[in-house]
Amino acid sequence: MTELTFLGTGNFLAPPGRYWNSFVLDASVLVEPSPIALPHLRRAGFSVDSIEVVVVSHFHADHCFGWPFLLEAAAERKDGRTVHVVGPPGIESHLAELNEAGAVGSVTRLAHVRLDVRYVEVDGTWQVAGPLRFRAVEVVHVPYLRCFGYLFDCGDHVVGYSGDTTPCDGLSELARASDVLVVECNGHHTPPGVPTSHMNEDSIRELQVAYPETRLVLTHLGEQVDLTALSGVAVPDDFDRLTI
Ligand SMILES: [Zn+2]
Ligand SMILES: [Zn+2]
């Protein structure tokens with residue numbers, strides 16, 4: 001049995017009632033250190049000390065600007081425990097730069113003294129980080145940034161996560177391999193022929209038709225998403241829990 005707890009379910013603009021997308025897998029894995037990750041972890045009843053793995057899909061602010069707060073809170077205990085940080089190539093330097101930008105660059109060094117922080121760059125194979133076995137699958141989001149979705153091995157089932165994506169081969173691979181896929185539905189609509197960088201109601205429906213066995217759970221929702229246009233998908237609110 002796997003439990004997903006949604007700390008936030010909104011897109012970059014944090015529409016009314018939904019903060020920035022982030023969720024916890026079984027109390028020990030935090031997916032996306034979004035700006036509200038630390039306060040919402042606590043509000044959902046988790047201790048920062050229970051987080052053994054932090055997973056980042058890409059370097060957009062809504063997905064990782066909560067890092068300086070999380071790291072500072074995690075380093076409070078000074079107990080030398082191991083924290084794995086999984087993300088795209090360059091994850092360690094990107095997160096260190098975030099701390100510098102927030103004028104808390106010393107926290108990066110302090111955390112290495114007080115904790116055992118291990119950065120794991122994704123390589124597309126099945127990898128292990130602490131209690132988590134995962135595989136990253138690259139998706140197509142924006143041309144200037146690499147973005148990865150993930151497959152999480154939860155024993156007798158696989159939980160997938162899309163990251164931010166458009167319909168692409170990577171997303172198809174994730175949907176095919178997942179029993180449950182947490183998938184973004186930013187709701188961005190562009191005129192025909194104009195490239196998009198996100199999913200919308202139409203592309204979610206196409207995914208449902210192509211992979212009817214895969215249970216879809218929507219997150220990263222924009223205010224403009226018409227949820228009445230969709231059926232057969234789960235749409236959690238912030239702080240909802242889903243048991244698989
Ligand atoms: Zn995003
Ligand atoms: Zn993004």
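**Notebook: two sheets and a helix**

I began with the strand order and found seven strands in an open sheet, running β6-β5-β4-β3-β2-β1-β13, with mixed pairing. I noted β6 (116–121) and β13 (241–243) as the edge strands, each of which pairs on one side only. For the twist, I recorded that neighbouring strands of this sheet are turned by 20 degrees against each other on average, direction ignored. I keep in mind throughout that this is a predicted model.

I next looked at the β13 edge. There, β1 (residues 3–8) pairs with β13 in the antiparallel sense over three bridges. Within this pairing I located Glu 3, which stands opposite Thr 243 in β13.

I then turned to the other strands. Six of them form an open sheet in the order β7-β8-β9-β10-β11-β12, and I entered its pairing as mixed too. Its edge strands are β7 (126–129) and β12 (215–219), and each pairs on one side only. The turn between neighbouring strands of this sheet averages 30 degrees, direction ignored.

Inside this sheet I examined β10 (residues 158–161) and β11 (residues 180–184), which pair in the parallel sense over three bridges. Here Tyr 161 stands opposite Val 182 in β11.

Which strands does helix α6 touch? I found that α6 (residues 169–177) packs on the sheet and touches β8 (132–142), β9 (145–153), β10 and β11. I also noted the direction of α6, which makes about 145 degrees with that of β8.

How values were computed. Residues are numbered from 1 along each chain as its sequence is written. Chains are lettered from A and ligands numbered from 1 in the order in which they are written. This is a predicted model: local features need pLDDT of at least 70, side-chain atom pairs count only at pLDDT 80 or more; totals for chains, interfaces and linings use all residues. Two strands pair if DSSP finds at least two bridges between them. Helices (H or I, at least four residues) and strands (E, at least two) are DSSP runs, numbered from the N terminus. Axes are lines fitted to C-alpha atoms, for helices over the stretch in contact, and angles run from 0 to 180 degrees between N-to-C directions. Two residues are in contact if their C-beta atoms, placed from the backbone, lie within 7 Å.
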